[in-house]
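Got the viewer open? Here's a short tour, one selection at a time.

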Amino acid sequence: MNASTPTTRLAAAGPALPEMPFEGSPLAAQLIAALRDFLHGELVDLARSHGIDHEHSPDKALLRQVWRRSHALGFYGMSLPPSMGGKELSVLDQVLIKEAIYATGSPFAPHVLGELSGPPRIGALVRKATPWQMEQFIAPVARADKAICFALTEAGAGSDAGALQTRATQDGDHYVLHGRKRFISGSPFADCAVLLASTAPEGAAEREISAFFVDLHAPGVEVVSGYKTMAGQSHTGDIVLDGARVPAAQLIGERGRGLALALGRITVNRLMHCPAMLGLAQVALRDARDYALERRQFGRSIAQFQAIQHMLADMATQWAAARALMVQTARAIDAGIDARAQASMSKLFCSEAAFGIADRAVQIHGGEGIVQGRRVEFLFRMLRMYRVLTGTSEIQRNTIARELLATPA
């Protein structure tokens, strides 16, 4: 593939890694097979006809088409409770399904299950939402009629989530919101947001963080998405609140409990980034393996050079070790263990290992690997981002150390 070739092709079918037993349930295996057919079939045609690849993101209309088709096929919302049409999936099953999706190399991988703006964003809210909120916000997202994003981060509040400056001041049966949310994934194509704001009195020393459903089309609300991430995608934007009036009925759970709501599933959320990283790392490894077999120098393929063989061996070993840690952590969560340290270990190790795999993949490609249009060049940029997303590697180390040094009860 030269630099001008579109990157919509999916990952090579041939194995690049030693065969392993499938760890999930029979239902998960069935869903993976069906999802692969979907991704390798009609979504390839859809990407080709609309010129979608890793550098060219789909617009909202096309995404809505993908969401609704996925819903019709029974994929969208599979992580929701069965009462809402979801499947009985363990955390391990969810990890394996997500890994398989990303391992296809499809540019639609983040969207098939609505990962940025769909059911995975609302699953933890089902127990907190009122019947009216369920009808207005949760159910439409589950049906793929609306998209939603999660808005916590600000320019001065990332890892220190409690330091956010967005304020919600009660005015009768409304809250008036002022502030700016930054780097909000899925906001450019979302209809509403789960948004966190301070409801503490002005000048108060305590941190009182509350969560709200916010209509992104309401007066006083604007989504600004005029920038792209280093991966070249435009899935991220800012939410600007300038006197937006939000009905008190859109307060989620109890006032002042928003941060607990946001952090309640942080262990699972951190783990659930790992299958995406390792799926993409699989693609990078396969591309590097295939290129090494095809590229000839000095009368033979570069795959015959020991230096290349050692790089491929290290890539495969790093991937297998990271995946084993991910699977072990998923099993711990399914067993009811408080796996905060294990989830941070997984996020730390998987992100560093996956980026290392992409780095070696670029090295194996040589000059071709640093040309935009090559998939490994995109994967290098994408996997570099994962060392920052959902808590930097340094934050993960802090969490691991804090859990290790905690005084036993």
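**Where two domains meet**

Start by showing domain 1 and domain 2 together: they bury about 1,200 Å² between them, with 57% of that on carbon and sulfur atoms. On the domain 1 side, pick out K60, L116 and R121, the residues that lose the most area to domain 2. Together these three make up 36% of what that side buries. Keep in mind that you're looking at a predicted model.

Now colour by domain. The domain assignment gives 26-125 as domain 1, 148-255 as domain 2 and 260-405 as domain 3. If you draw a line between the C-alpha centres of domain 1 and domain 2, it spans 27 Å.

Next, select the residues in contact across this interface. You should get 14 from domain 1 and 16 from domain 2.

Which residue forms a salt bridge with K60? Zoom in on K60 and you'll find D191, with the closest N and O atoms 2.7 Å apart. Across the interface of domain 1 and domain 2, the rule finds two salt bridges. The count of residue pairs in polar contact between these domains is also two. Try colouring the domain 1 side of the interface by class: the residues touching domain 2 are five nonpolar, five polar and four charged.

Last stop: select residues 30-143. An unreviewed UniProt entry places the feature "domain: Acyl-CoA dehydrogenase/oxidase N-terminal" here. Switch to cartoon view and you'll see a span that is 51% helix and 0% strand. Its end C-alpha atoms lie 22 Å apart.

Methods:
Residues numbered from 1 in each chain as written. Predicted model: local features only at pLDDT ≥ 70, side-chain atom pairs only at ≥ 80, totals over all residues. Heavy atoms only, no water. UniProt positions renumbered as here; feature names shortened; annotations may be inferred. Helix = DSSP H or I, 4+ residues; strand = E, 2+ residues; numbered from the N terminus. Domains from an automatic or database assignment. Contact = heavy atoms within 4.5 Å. Buried area = accessible area lost by both parts, 1.4 Å probe. Salt bridge = Lys/Arg side-chain N within 4 Å of Asp/Glu carboxyl O. Polar contact = N/O pair within 3.5 Å; in protein donor to acceptor, adjacent residues only side chain to side chain. Nonpolar A, V, L, I, M, F, W, Y, C, P; charged D, E, K, R; others polar.
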